[in-house]
Amino acid sequence: MDTAEPGRVWRPYEITRAEADTPDLVGLLDALGPGGLAGLLTERKAVVFRGFGIAPDAVEAVLDRLVPDRLPYVHGNSPRTRVRGNLYTSTEYPQQYTISMHNELSYAHRWPARLAFYCEKAAERGGATSVIDGALWLESLDPEVREAFAGGVLYIQNLHDGFGFGKSWQETFETDDRAVVEAFLNEARADWSWGPDGLRVTQLRPATATHPVTGAEVWFNQADQWHPAGLGDETSAELYDILSPAEFPQYVTFADGSPIPDAYAGHIRDRGLENAVDVEWHGGDLLLIDNVLTAHGRRPFDGTRRVLVAMCGG
């Protein structure tokens with residue numbers, strides 16, 4: 001079992017054009033083959049392809065090798081825009097804020113096995129994508145916190161019908177057909193109900209996950225991001241003035257419905273960010289991550305930044 005050792009330093013594996021056998025990234029990936037790429041990613045957890053200068057009109061061929069059979073961002077809670085096909089902006093969360101560490105769709109019944117990030121344009125300053133070894137994150141947490149989450153996490157979503165805080169159910173599920181949404185949620189074993197203002201969804205999920213190949217146990221939930229303490233004092237106070245926590249666009253509790261202390265949410269967030277490694281972007285670079293073994297986030301930035309993301313299953 002791959003466990004995190006105290007003091008162990010982990011960084012993504014970097015493949016540069018200068019060191020590669022060929023300057024053609026598609027050719028390099030074809031030579032590596034799907035099996036070789038899968039093995040490399042499982043071993044290294046995250047791989048950066050640096051200096052190949054992939055142009056926007058050439059990225060699709062690379063993504064076909066890195067994340068074949070790309071998935072839609074259905075049930076995603078991050079604000080993003082579909083660029084074309086199943087290629088999206090990485091996030092449209094305000095650039096002045098840090099996005100804390102998380103695994104994509106870890107609150108869902110199914111999540112992507114891989115994510116590929118492509119830097120079309122690097123920010124003038126900042127904007128790194130942060131990554132962390134999920135086993136290291138788990139080991140970094142205080143035993144009291146790990147034990148408190150042993151029963152899992154209860155996620156609560158209140159998705160409006162077109163007007164309100166947060167995302168609408170139509171945006172979240174990329175459809176305006178209620179029957180499609182209901183079928184998705186039933187398959188996901190979620191509890192849901194329609195109301196006059198939209199859709200309420202609750203899901204009980206584990207707090208950790210085990211990688212299917214390595215057996216590594218990793219911290220694998222978004223409790224700190226869904227917690228009111230993760231909104232910042234000002235935003236949280238404004239919502240508390242208007243709504244009860246259970247009415248927030250998204251909320252989280254322990255498995256039994258009891259509240260998660262603010263201090264626990266802050267501890268999880270801070271340990272993730274403290275142990276994260278920043279991948280600094282240059283135009284044309286790509287980052288491939290195993291979405292179970294590796295969590296990711298984003299640093300604040302100045303200027304303009306355009307990073308795209310695509311994902312695929314196992």
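**Packing around Leucine 286**

Biologist: Which residues does Leucine 286 touch, not counting residues up to four places away in sequence?

Modeller: This is a predicted model, where local features need pLDDT of at least 70 and side-chain atom pairs 80 or more, while totals for chains, interfaces and linings use all residues. Residues are numbered from 1 along each chain as its sequence is written, and side-chain values use heavy atoms, without hydrogens and water. Counting contacts as heavy atoms within 4.5 Å, Leucine 286 touches Leu25, Val47, Val48, Phe49, Ile54, Val59, Val62, Leu63, Leu66, Phe117, Tyr118 and Trp281.

Biologist: Nice! Which element gives the most to the largest nonpolar core?

Modeller: That core (buried Ala, Val, Leu, Ile, Met, Phe, Trp, Tyr and Cys joined through side-chain atoms within 4.5 Å; buried is under 20% relative accessible area with a 1.4 Å probe, protein chains only) has 26 residues, and Leu25, Phe49, Leu66 and Leu286 touch the most other members. Elements giving two or more residues include strands E2 (46-50) and E16 (286-290), strands being DSSP E runs of at least two residues and helices H or I runs of at least four, numbered from the N terminus. With seven residues, the top contributor is helix H1.

Biologist: Why do the buried residues of H2 lie on the same side?

Modeller: In helix H2 (residues 59-66), the buried residues are Val59, Val62, Leu63 and Leu66. They share a side because the arc they cover around the axis, from the directions to their C-beta atoms, is only 100°.

Biologist: And what percentage of the 314 residues is buried?

Modeller: The protein chain has nine helices and 19 strands. Its buried share is 50%.
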